[in-house]
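Hi everyone, thanks for coming. Let's take a look at this one together.

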Amino acid sequence: MQVRLSKAPDMMRVRKRTVEHPFRTLKQWMGATHFLTRRLDGVSAQMSPNVLAYNMKRVMKILCTNRLIKALSA
């Protein structure tokens, strides 16, 4: 990894801007400061509820809560 970064120093800057920003935003919105695990399975397990809550919040704003409840019960 370090060799690739040494060959293309701008790669990390671009990666932070395009990939990590949404995850950081979601984590801050949910009040988390860091992941408690390092492996992909653990991080995915920690991030999934945050993403679900974020998406539900967006759906509630778009559809209104009453329409969302009707759609879920159908």
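So, which pattern does the protein follow, read along the sequence? The pattern is α-α-α-α, with 4 helices and 0 strands (DSSP runs, H or I of at least four residues for helices and E of at least two for strands, numbered from the N terminus).

A word on the source: this is a predicted model, where local features need pLDDT of at least 70 and side-chain atom pairs count only at pLDDT 80 or more, while totals for chains, interfaces and linings use all residues. Residues are numbered from 1 along each chain as its sequence is written, and side-chain values use heavy atoms, leaving out hydrogens and water.

Now to H3 and H4. The axes of helix H3 (residues 40–63) and helix H4 (residues 65–73) come within 6 Å and cross at roughly 110°; axes here are lines fitted to C-alpha atoms over the stretch in contact, with angles from 0 to 180 degrees between N-to-C directions. H3 and H4 are therefore roughly perpendicular, a label for 65 to 115 degrees. On the H3 side, Met 56, Val 59, Met 60 and Leu 63 meet residues of H4 including Leu 68 and Leu 72 (contact means heavy atoms within 4.5 Å).

Next, is Asn 50 in helix H3 buried or exposed? Asn 50 counts as buried because its relative accessibility is 13%, and buried means under 20% relative accessible area, exposed over 50%, partly exposed in between (1.4 Å probe, protein chains only). Not counting residues up to four places away in sequence, Asn 50 touches Leu 26, Trp 29 and Met 30.

Trp 29 itself sits in helix H2 (residues 10–29) and is partly exposed, at 35%.

Note on methods
Angles under 35 degrees count as roughly parallel, over 145 as roughly antiparallel, 65 to 115 as roughly perpendicular and the rest as oblique.
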